[in-house]
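Q: Please take a close look at the ligand site of this model, and then set it in the context of the rest of the chain. I would like a careful, connected account.

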Amino acid sequence: MRISVIGCGYLGAVHAAAMASLGHEVVGIDVDERKVEALRAGRAPFFEPGLPELLLEAGAGGGLTFGTDIAEVAGARVHFVCVGTPQMAGEFRADLSYVDASVTSLVPYLRPGDVVVGKSTVPVGTAERLAAQLAPTGATLVWNPEFLREGFAVEDTLHPDRFVYGLPTDAEGVATPAGEAAKALLDEVYATPLSDGTPLVVTDYATAQLVKVAANSFLATKISFINAMAELCETAGGDVTQLADAIGYDARIGRKFLNAGLGFGGGCLPKDIRAFMARAGELGVDQALTFLREIDSINGRRRERMVELAREVCGGSFVGKRIAVLGATFKPNSDDVRDSPALAVADMLEKAGAHVVVTDPQGIENARAVRPNLEYEADVLEAVRDADVVLLGTEWTQYRELDPAQLAGAVRGLHVLDGRNVLDPVRWREAGWTYRALGRP
Ligand code: UDX
């Protein structure tokens with residue numbers, strides 16, 4: 001099937017390549033010429049494991065093209081909207097200008113029976129508004145939220161946990177005939193993963209839009225819950241990692257997303273819970289989501305606590321102290337530094353007077369662009385040279401596997417701060433280090 005994908009960022013580029021790998025003829029559109037150039041050449045414009053291979057494979061078959069001109073979508077039967085919905089500057093609301101611009105630009109190319117598929121994360125009510133805008137074209141809107149995780153985006157796109165289709169419904173809540181026809185077309189697009197047994201939940205527009213923000217709010221809540229327990233452990237003397245293991249054995253709770261540390265960051269969780277609160281306020285049900293404000297606060301407090309821990313280890317002052325921060329990205333296997341806890345802590349330490357050197361396997365370029373005040377060093381052994389404190393901010397495998405004895409030869413002070421609770425305290429202490437972490441004795 002001929003498909004278009006509007007927006008070739010972390011979501012759209014992977015979606016385009018994945019759909020091409022399923023045998024569809026895909027054109028990806030983005031306004032950023034450099035990004036399109038890279039994609040045309042079969043290069044991923046950002047770090048995402050598996051994407052380069054997918055681009056080369058799909059590109060070689062001729063079924064995957066990229067362009068900056070929206071007119072190239074002509075002839076496609078299904079159009080995926082994959083643009084970003086960042087947080088508005090100075091507000092909690094999401095900025096919908098890219099979604100609106102994408103849909104408006106598609107209108108001249110839509111024919112009756114075509115399907116526009118919204119994948120971007122939007123405040124509930126957006127799909128209803130966009131569907132009304134599309135009505136005169138005879139095209140149908142389906143809301144099909146995307147749940148991919150960065151670092152596992154290819155796997156999550158080709159083998160998702162579930163599909164959600166939000167269809168247009170009549171007054172009784174039953175899908176309209178146009179909605180049923182659109183569903184059939186989307187089933188054809190996803191025929192391979194559907195035949196593999198991927199569950200499909202068919203809903204109305206409102207539910208489909210809410211599913212995405214509800215899922216991200218739940219994940220954020222789980223992380224902040226365990227980080228709140230870490231706060232308790234710090235005062236009461238407990239160990240939050242053991243606590244997480246112990247409660248995680250209860251299948252109703254589960255161990256996933258109970259890793260205490262510097263908390264959540266990235267381009268989704270922080271802005272999605274804020275946009276959700278803003279939308280609830282507009283709908284007059286802000287009380288229902290007041291708890292998310294606390295989830296956000298707990299998350300922010302972890303960063304401050306880490307700075308305090310570092311100050312303690314430095315003897316009360318950062319003056320003349322050198323701190324090596326391992327990790328700049330918001331999580332491993334990504335080059336994304338949006339709202340990165342590691343980078344935020346590095347910045348806070350620098351502003352508090354420390355000399356901070358940041359290292360990261362993939363994120364230095366992006367980090368330098370947003371935090372040019374920090375010093376960067378690609379080589380980890382160089383980054384820790386003469387450091388008074390080594391702080392692990394992002395749990396890249398290469399940092400988890402560092403040899404404390406080898407590192408001891410390069411640093412000035414044998415102090416390690418584990419911001420992700422992934423290092424083995426016994427091993428580090430045996431090598432002469434003082435080991436401190438969030439939520440542990
Ligand atoms: C998230 C959702 O998981 C995904 O379904 C949605 O589509 C987009 O948002 P992503 O932003 O890629 O995906 O990252 P995720 O793996 O969820 O991690 C988010 C943040 O939480 C990271 O900063 C990570 O370090 C942190 N985290 C995660 C914890 O602090 N503890 C945990 O136990 C898990």
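A: For what follows, a residue is near a molecule if one of its heavy atoms lies within 4 Å of it. The model is predicted, and with that cut-off 20 residues surround the ligand, the closest being Phe147, Glu150, Asn259, Phe330 and Lys331. Sorted by class, this shell holds 10 nonpolar, four polar and six charged residues. Helix H9, which spans residues 205-236, supplies the largest share of the shell, namely four residues.

Oxygen atoms of the ligand also pair with polar atoms of the protein backbone. A polar backbone atom of glutamate 150 lies 2.7 Å from a ligand oxygen, and for asparagine 259 the distance from a backbone N or O atom to an oxygen of the ligand is 2.8 Å. Leucine 258 takes part as well, with a polar backbone atom 3.4 Å from an oxygen atom of the ligand. Of the 670 Å² of accessible area that the ligand has on its own, the protein covers 92%.

The wider setting can be described through the domain assignment, which gives domain 1 as 2-198, domain 2 as 213-296 and domain 3 as 299-437. Between domain 2 and domain 3 the C-alpha centres are 24 Å apart, and 20 residues of domain 2 are in contact with 18 residues of domain 3.

Starting from the N-terminal part of the chain, helix H1 (residues 12-21) is mostly covered, with nine of its 10 residues buried. The buried residues are Gly12, Ala13, Val14, His15, Ala16, Ala17, Ala18, Met19 and Ala20. Just after H1, glycine 23 adopts a positive phi of about 105 degrees.

Threonine 198 sits in the loop between helix H8 (191-195) and strand E8 (200-204). This threonine counts as buried because its relative accessible area is 11%, where buried means under 20%. The side chain of threonine 198 reaches the backbone oxygen of proline 193 at 2.8 Å. Not counting residues up to four places away in sequence, threonine 198 touches Pro160, Asp161, Arg162, Phe163 and Pro193.

Leucine 243, by contrast in its exposure class, belongs to helix H10 (residues 240-248) and has a relative accessibility of 29%, so it counts as partly exposed. Apart from residues up to four places away in sequence, leucine 243 touches Ile226, Met229 and Cys233. Measured against a residue elsewhere in the chain, the C-alpha of leucine 243 is 33 Å in space from that of threonine 157, with the two positions 86 residues apart in sequence numbering.

Aspartate 418 lies in strand E13 (residues 415-418) and is buried, with a relative accessible area of 0%. A polar atom of the aspartate 418 side chain is 2.9 Å from the backbone nitrogen of asparagine 421, and the backbone nitrogen of valine 422 lies 2.8 Å from a polar atom of that side chain. Leaving aside neighbours within four places in sequence, aspartate 418 is in contact with Met306, Leu392, Leu423, Tyr435, Arg436, Ala437 and Leu438. Its C-alpha atom is separated by 21 Å from that of glycine 353, and the two residues are 65 residues apart along the chain.

Terms used: Residues numbered from 1 in each chain as written. Predicted model: local features only at pLDDT ≥ 70, side-chain atom pairs only at ≥ 80, totals over all residues. Heavy atoms only, no water. Polar contact = N/O pair within 3.5 Å; in protein donor to acceptor, adjacent residues only side chain to side chain. Areas by Shrake-Rupley, 256 points an atom, 1.4 Å probe, with all protein chains shown as cover. Helix = DSSP H or I, 4+ residues; strand = E, 2+ residues; numbered from the N terminus. Nonpolar A, V, L, I, M, F, W, Y, C, P; charged D, E, K, R; others polar. Buried < 20%, exposed > 50% of the residue type's maximum accessible area, 1.4 Å probe, protein only. Domains from an automatic or database assignment. Contact = heavy atoms within 4.5 Å.
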